Structures are given as C-alpha cells and as structure tokens.
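This report looks at charged side chains and at the burial pattern of one helix. The structure comes before the discussion.

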Amino acid sequence: MRIGVSTLFPSLLLLLACGFAYSADPLPSWNEGATKKSITSFVEQVTTAGGKHFVPVPERIAAIDNDGTLWTEKPM
C-alpha cells in the first residue's frame, strides 16, 4: 500500500497540532529559536478553530522538499 504526500502531510500536521494539547514542547528535539517558534506559531494559527487564519482540514495541503533537490534528480 502506497501513502501519498496528500494523505501523509495532513496526518502529520494533525499529529503536530494534537501535540500542542498533550506536550509542553511539541518539537522537543529542535533547538529553541526563530525557526521553531515560527513553525509552531503557524501550526497553532491554522489549526485554531474560529481563528483569523484557521484552515479547515480538507483544505490543508503542503509541499515538502528534503534538501532542495528533486527525487528525480538522483543526487550523488
């Protein structure tokens, strides 16, 4: 069974959002800093129902890139 990014990412986003409710730190392995704060703030804004930036689950999509290369490029 193959799982596509369109299925996987919303699940991961939901998991991260649920982590806010159950964990003091949803990204415990990340260093504190602007990047971590920006990501967690964004997720909180788009997953807070009734908020100005709320995005309903069916409308949440994302494009993820590992390191700036495409899989089809087959980097050495």
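The expected span of a helix is taken as 1.5 Å times one less than its number of residues. The model discussed here is a predicted one. For the 14 residues of α2, at 1.5 Å a residue, the span should be 20 Å, and the C-alpha atoms at the two ends of α2 are indeed 20 Å apart, which agrees.

**The two faces of α2**

Lys36, Thr40, Val43 and Val46 are the buried residues of α2. They lie on the same side of α2, because the arc that they cover around the axis is only 140 degrees. Residues three or four places apart in an α-helix point the same way, since there are 3.6 residues a turn. On the other side of α2, by contrast, Ala34 and Lys37 are exposed.

**Salt bridges**

How many salt bridges does a search of the whole structure find? The search finds two, and they are set out below.

| Salt bridge | N to O distance |
|---|---|
| Aspartate 25 and lysine 36 | 2.9 Å |
| Glutamate 32 and lysine 36 | 3.0 Å |

Salt bridges that share partners thus join Asp25, Glu32 and Lys36 into one network. In the pair formed by aspartate 25 and lysine 36, distant parts of the chain are linked, as aspartate 25 belongs to the loop between α1 (5-22) and α2 (34-47), whereas lysine 36 belongs to helix α2, eleven residues apart.

The members of the network differ in their exposure to solvent probes as computed: lysine 36 is buried, with a relative accessible area of 5%, aspartate 25 counts as partly exposed at 24% relative accessibility, and glutamate 32 is exposed, its relative accessible area being 65%.

**Arginine 60**

Another charged residue, arginine 60, is placed in the segment after α2. Which side chain of opposite charge is nearest to arginine 60? The nearest is glutamate 59, but it is 8.4 Å away, and arginine 60, although buried, has no salt bridge. A salt bridge requires the side-chain nitrogen of Lys or Arg to be within 4 Å of a carboxyl oxygen of Asp or Glu.

The side chain of arginine 60 does, however, reach the backbone oxygen of valine 55, at 2.6 Å. When neighbours within four places in sequence are left aside, the residues in contact with arginine 60 are Pro10, Leu13, Val46, Thr47, Phe54 and Val55. One of these, Val46, is also among the buried residues of α2.

Definitions and conventions: Residues are numbered from 1 along each chain as its sequence is written. This is a predicted model: local features need pLDDT of at least 70, side-chain atom pairs count only at pLDDT 80 or more; totals for chains, interfaces and linings use all residues. Side-chain values use heavy atoms; hydrogens and water are left out. Helices (H or I, at least four residues) and strands (E, at least two) are DSSP runs, numbered from the N terminus. Buried means under 20% relative accessible area, exposed over 50%, partly exposed in between (1.4 Å probe, protein chains only). Lys and Arg count as positive and Asp and Glu as negative; His and the chain ends are not counted. A polar contact is a pair of N or O atoms within 3.5 Å; within protein, one must be able to donate a hydrogen and the other to accept it, and residues adjacent in sequence count only if both atoms are side-chain atoms. Contact means heavy atoms within 4.5 Å. The arc is that of the directions from the helix axis to the C-beta atoms.
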